[in-house]
Amino acid sequence: MPLCGMTIFHISRIRKAGFPSAAYAKYCTSQNVKCVFGKTMVTYKYRNFVKKLQFHWKKDGNEIYIMDKIIFHIDVNSAYLSWSALDKLQHGSATDLRTIPAIIGGDMAKRHGVVLAKSIPAKAYGIVTGEPIVNAMRKCPGLLIEPPNHSLYHERSRELMQLLSDISPDIEQVSVDECYLDYTSIKRLFPTPIDAADHIRAQVLEKLGFTVNIGISDRKVLAKMASDFQKPNLTHTLYSYEIKEKMWPLPVSSLFMCGHSSMESLQKLGILTIGDLAGTDVAILTSHLKSHGKLLWEYANGIDESVVEITQAVEKSIGSSTTLPKDAVTTGEAQHVLLELAESVARRLRSSGQMAEMISIEIKYNTFKKVSHQTTLLQPTSGSDTIYRTACTLLDELWDGTPIRLLGIRSSKLISAEEPIQLNLFDLSKKEASLEKALDSIRQKYGADAVVRGSLLRHKPEKSET
């Protein structure tokens, strides 16, 4: 239904459509602009100009907030401590560092260095990241100190980014334990952004064993702020229309980019909360904090036009794995899973315009022991049959008969599908490629399940990309 007399917050796509240009300009719709809000479609009528655009939108009282982008900020909960805890558990430790007062950093014997990460029980003692270990020991004499293992952390970070990239390629990694994700490319797969975030958190916990917080917003800075709300393993939203309620009451020190020095300067001006900062004359702030004062004022008001800076890197490997609902105990059961994984990997290879020269499989037994095996192909492929046959051969060579909890296939040594390859007289890969291309076209038009192998119809394990 037409909505009149409401405030429309300016966004870039409306500027390009011909509306007046000014960041966060407000449009009074009482006379000139009428808007019809469908479930996801917004129709703008400005004089004789009509424009239909697809946006996320929210009605709040007498205002309509339109969001041309949704951004996730994904942050590992106590990353260094979580990763060290998992590593120790996998190597036989009976103690989970996450459940006791523990920190990562420094040297326990010499008691020097700073706190790099802390457990939730350690936080209860008032221990904060960045403080000297000597201070932390005074607060909690029984504190356990674990030295950092940076090679382990980089490997865990790589695994996380690989998993997230399999869910959405639109990722900007900003540190070893955090990244931004643009929701646009996956929004059709989920009912709401919260459903997507909850799915991501569940995948990380199931496949990697640790937890993340996810902040959701239409602004990068607000997504980051939201991910730092209550922890662990939670999803929070902080859209532009929510900042008055959720962000402004917080102490100014909790604002992103407001360090200790800035906090002290603001407190001297009587600015104690983010709301106080948002309502302060920006000229006063710049006179005391220069350009940083303006930046803090913008962040306090939810102003941040930056976008997710996606790095389009060529994938070094493409894989898929699944945790089985029931342990596989026979070759037939394992091969059935490998068939579906092979089809998934092959489809993604073809979609990316690449072929693989190496195939590997991974097995996790019900004892949680992991083993893997790989082989180099005689010629590169993106065909599901070749990948499947190779995976079955590797399975025969690797599996010792222990019940299987997880199976995975990974393709590597990727080359462009445009590169010429040497075919022998009896090679069927050309026919296989034509068939696969035809099947891909059918699936693209009618859905992924439009064409399914008969053997896969009997039962289907819950698969997800890794």
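Good morning. Lysine 413 is partly exposed, with a relative accessible area of 46%; partly exposed lies between buried, under 20%, and exposed, over 50%, for a 1.4 Å probe and protein chains only. Please note that this is a predicted model, in which local features need pLDDT of at least 70 and side-chain atom pairs count only at pLDDT 80 or more, while totals for chains, interfaces and linings use all residues. Residues are numbered from 1 along each chain as its sequence is written, and side-chain values use heavy atoms, with hydrogens and water left out.

Lysine 413 lies in strand 20, residues 404-416. Helices (H or I, at least four residues) and strands (E, at least two) are DSSP runs, numbered from the N terminus. Beyond its neighbours within four places in sequence, lysine 413 is in contact with Lys316, Met355, Ala356, Glu357, Met358 and Thr376, contact being heavy atoms within 4.5 Å.

I turn now to a sheet. Its 5 strands form an open arrangement in the order 13-14-9-15-16, with mixed pairing; two strands pair if DSSP finds at least two bridges between them. Strand 13 (171-175) and strand 16 (235-237) are at the edges with a single partner strand each, so one side of each has no neighbour in the sheet. From one strand to the next, the twist averages 20 degrees.

Within this sheet, strand 9 (residues 71-76) pairs with strand 14 (residues 178-182) in the antiparallel sense over 5 bridges. There, aspartate 75 stands opposite glutamate 178 of strand 14. Thank you.

Note on methods
Axes fitted to C-alpha atoms, helices over the stretch in contact; angles between N-to-C directions.
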